[in-house]
Amino acid sequence: MKNKLSNMLCLDLFLASLSKENYKAIEPELVCSESKKFPLLSFGLYVDYFSTEMDNLTKENDINTLKEFGAKYNWRENLDHIFKNEDFEALVLTNKEQEIIWVNDGFKEMTGFNKNFALNKKPSFLQGSKTCAKTTDIIRDKIKLNKPFIGTVINYKKNKIAYKCEIKIFPLFSEHTTHYIALEKAV
């Protein structure tokens, strides 16, 4: 599949470099298996680039929102350091009592739950029968010790479908722990 995709991208780049006259000359040869025209003019590359740029901007906006919380609560943590080289879909910010005070749009995409539904709930509302009690105990212990947690947990979407979720939880301090941020990604 990777070679096929690579060949398609090469063909796409080649076709994009042709003059109109040269493209017209080979256009009848560009047919898919159902004998339909297969227009390749680098649009796929642009869509991939645009999609990646939009994802990056969305993540940057999410991090900036968290920086606003950080300024409000005087967190000492360098959020840029926390997010450096991190890939995430959902962000969950909780207070010291682990009640959700903010989630990003990726949270709804990953879980199916609306942002407003999640507010004031504890993240444990995502757990269910296949969630490992030992893992939740470890998370609870790390939080009590104000230590980061990195691991995988089985969570449940709104439609009751279980999914593996990689979670990285970081305590956030001013003078004392005030909040926790969880970076989450379905794996």
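Q: What does the accessible surface of the chain come to, and what share of that surface belongs to carbon and sulfur atoms?
A: Accessible areas come from the Shrake-Rupley method with a 1.4 Å probe, and here the chain has about 12400 Å² of accessible surface, 54% of which belongs to carbon and sulfur atoms. This is a predicted model, in which local features need pLDDT of at least 70 and side-chain atom pairs count only at pLDDT 80 or more, while totals for chains, interfaces and linings use all residues. Residues are numbered from 1 along each chain as its sequence is written, and side-chain values use heavy atoms, with hydrogens and water left out.

Q: In what order do the five strands form the sheet, and which strands stand at the edges?
A: Strands of a sheet pair through backbone hydrogen bonds, either parallel or antiparallel. Here the five strands (DSSP E runs of at least two residues, numbered from the N terminus) make an open, antiparallel sheet in the order 2-1-5-4-3, where pairing requires at least two DSSP bridges between two strands. Strand 2 (100-103) and strand 3 (149-156) are at the edges with a single partner strand each, so one side of each has no neighbour in the sheet.

Q: Is Glu184 buried or exposed, and how far away is the nearest side chain of opposite charge?
A: Buried means under 20% relative accessible area with a 1.4 Å probe, protein chains only, and a salt bridge is a side-chain nitrogen of Lys or Arg within 4 Å of a carboxyl oxygen of Asp or Glu. Glu184, which lies in strand 5 (residues 177-186), is buried yet has no salt bridge, the nearest side chain of opposite charge being Lys157, 11 Å away.

Definitions and conventions
Helices (H or I, at least four residues) and strands (E, at least two) are DSSP runs, numbered from the N terminus. Buried means under 20% relative accessible area, exposed over 50%, partly exposed in between (1.4 Å probe, protein chains only). Lys and Arg count as positive and Asp and Glu as negative; His and the chain ends are not counted.
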